[in-house]
Amino acid sequence: MSADALVRRIGDRFPGALQESSDFRGDLSIVITPEAVVEVARYLKEEEGFDYFLYATAVDWPARTPRFTVVWEVRSLANKTRVRIKTTATMPDPHAPSLTSVWPAANWHERETWDLLGIKFDGHPDLRRLLMPQSWEGHPLRKDYVSFGEPVIFSDQKLEGLEPDAIRG
Amino acid sequence: MAETRIAQEPFGPGPQQDAVFGPEHEPETEWMELNMGPQHPSTHGVLRVRLKLDGERVRDADPDVGYLHTGFEKSFEDKTYTQGITFSDRMDYLAPPINNVGFVSAVEKLMEIDVPLRAQAIRVMMMELARIASHELWLGTAGLDLGVYSGFFYAWRDRELVLDMNEAYSGVRMMTSFTRVGGVAWDLPDGWTDQLQKFIDVMPGRIDDFESMLTANPIWKQRLSGVGVLSSRDAIEAGVTGPMLRASGVDYDVRKAFPYSGYEDYDFEVPLGNAGDCYDRYVVRVAEMRQSLRILQQALDNLPGGPWLTSNRKVALPPRSELSKSMEAVIHQFRLVSEGFKGPVGDVYAFVESPRGELGFYLVSDGANKPYRMKVRPPSFCNLQPLKRLVQGVLVADVIAIMGSMDFILGDVDR
């Protein structure tokens, strides 16, 4: 099963959903409109045999609009092929559809993406922070979140006059 | 008894947030919520599991991870590709060489760099040694959790041999950081291959000792058989990987399915289980250690000569001897040390087989000398995820056995 043929089948089946596809160093990526991601994902799983979920993440491009690229990657164990599904999410309240209904293993990966990059996954059954404490403010893997100079606030102290965003970038 | 231990329902998304401990039903005694961890000896690191108990039965569990979150993915964005190597081994600190290779293979894939054969063989040897050491450590500690105290000392003794070899080769016992983009940092030191040969000779007997202590041991079997069962379908659905996936009978090993670093040239088998329970995970790991020894022997017998680092001066430092003779070498040295090298724009996913499963690195490059985004797909994270479903309905004591059989490393889960 070649990558080109797969891209063509997706394009034929979901006209308008496939925005772009690329094959870089043998890794196939498809960019899908946010509305169609779940349908395309279900098609990939049920008809193309992409049964094994690898990871989900997002990439922050502050200068671009839409700002975030949300990425899921899945594999077909039988065909030994991989496909990377990408979509976009816009500020100020980035949303993306959750693929947990298609691949349950996406659960923690999407929670982590929400936690670290602040993408809200619609339809996720349990969208809590995963790695950071539940009370954390901000999303550390965003590019405007500084990775040094964190103020230490003890529980009995308050930093007056500073908004949390101002502190953490 | 046996039926209640097996999770009947297929893996689906967990319950709603406000009902983390659903579905509600009447307890036989009364509900008790128990914190296992974060400082519980069987969590091997800092993992907290909230258990909802009905007497001795676990009705639900909510793993709380992140206590070891150190932001490696963020740190990668601040360091050049060469500097990033030292982050990679600190994630899964029980198999650092494999993380090193995984990280540089992502960069090599991005840069399209070929690795010399000798470097590939050195990498394979270091990786298989790490696999044996990691499985040894798992044997020792998982046994310790279930009361096999003596096994722990044997496992530690054998693992020490690997750490000695790590030290002889890289100067460091655990955080080897021995890979470079395009090869490895050093050639093997004198006497290292003899040390390895001795190791290969002595290990089969030591694994036999272990097996004679555990494999047919009725208590060991009773504690592990039929506990924490994952069918092959559920294992794929839950996204588990490595020995956990193979214990459920799914024949998937990155070394066979997508050979890297010359694994296609080695003759070895992928041990599989069929019951998918804790006992099969044990059997698979022990069998993997024997296969690793086979690979080590072949790598040692066919160790190629030649360079251990690519001659592509855009990514690899020139040899010291050239610096006094060649201006060009000095310039390359200066550029590489001061600012590193730049990668093309694009994103790649490279993956290797760690002792815990498929370890992947998703690298996004914007053309700079460091990763724009580095997402790690940690195998321990994926293996820990189904814990919630696996422990529903089991006894509290079985939770220890199930967590032990998963072989997760919290540094790898939390990054």
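Colleague: What covers the buried residues of α3(B)?
Modeller: In this predicted model, the cover includes α2 (72-76), α4 (96-111), β4 (179-180), β8 (373-377) and α18 (410-414) of chain B.

Colleague: How many residues of that helix are buried?
Modeller: Eight of the eleven in α3(B), residues 81-91, so the helix is largely enclosed by the rest of the structure. Among them are Y81(B), I85(B), F87(B) and M91(B).

Colleague: You listed α4(B). Which strands does α4(B) lie across?
Modeller: β6 and β7 of chain B, and α4(B) runs at about 150 degrees to β6(B).

Colleague: What is the strand order in the sheet with β6(B)?
Modeller: The order is β6-β7-β8 in chain B, an open sheet with antiparallel pairing. β6 (345-354) and β8 are the edge strands, each pairing on one side only. Neighbouring strands are turned by 10 degrees against each other on average, ignoring direction.

Colleague: How many bridges between β6(B) and β7(B)?
Modeller: Ten, with β7(B) covering residues 357-366. S354(B) stands opposite G357(B) there.

Colleague: Different topic: β2(B) and β3(B). How many residues sit between them?
Modeller: Two; the strands form a hairpin, and G55(B) in the turn has a positive phi of about 65 degrees. β2 (48-54) and β3 (57-64) of chain B pair antiparallel over seven bridges, and L53(B) has V58(B) as its bridge partner.

Colleague: And chain A, what is the mean pLDDT?
Modeller: It is 84, with 86% of the residues of chain A at 70 or more.

Colleague: Where does pLDDT stay under 50 in chain A?
Modeller: Over residues 161-169, for which the model has eleven contacts beyond four places in sequence. Where pLDDT is low, the predicted coordinates should not be read in detail.

Technical notes
Residues numbered from 1 in each chain as written. Chains lettered and ligands numbered in written order. Predicted model: local features only at pLDDT ≥ 70, side-chain atom pairs only at ≥ 80, totals over all residues. Buried ≥ 20, exposed ≤ 12 C-beta atoms within 10 Å, placed from the backbone. Helix = DSSP H or I, 4+ residues; strand = E, 2+ residues; numbered from the N terminus. Contact = placed C-beta atoms within 7 Å. Pairing = 2+ DSSP bridges. pLDDT = per-residue confidence, 0-100. Axes fitted to C-alpha atoms, helices over the stretch in contact; angles between N-to-C directions.
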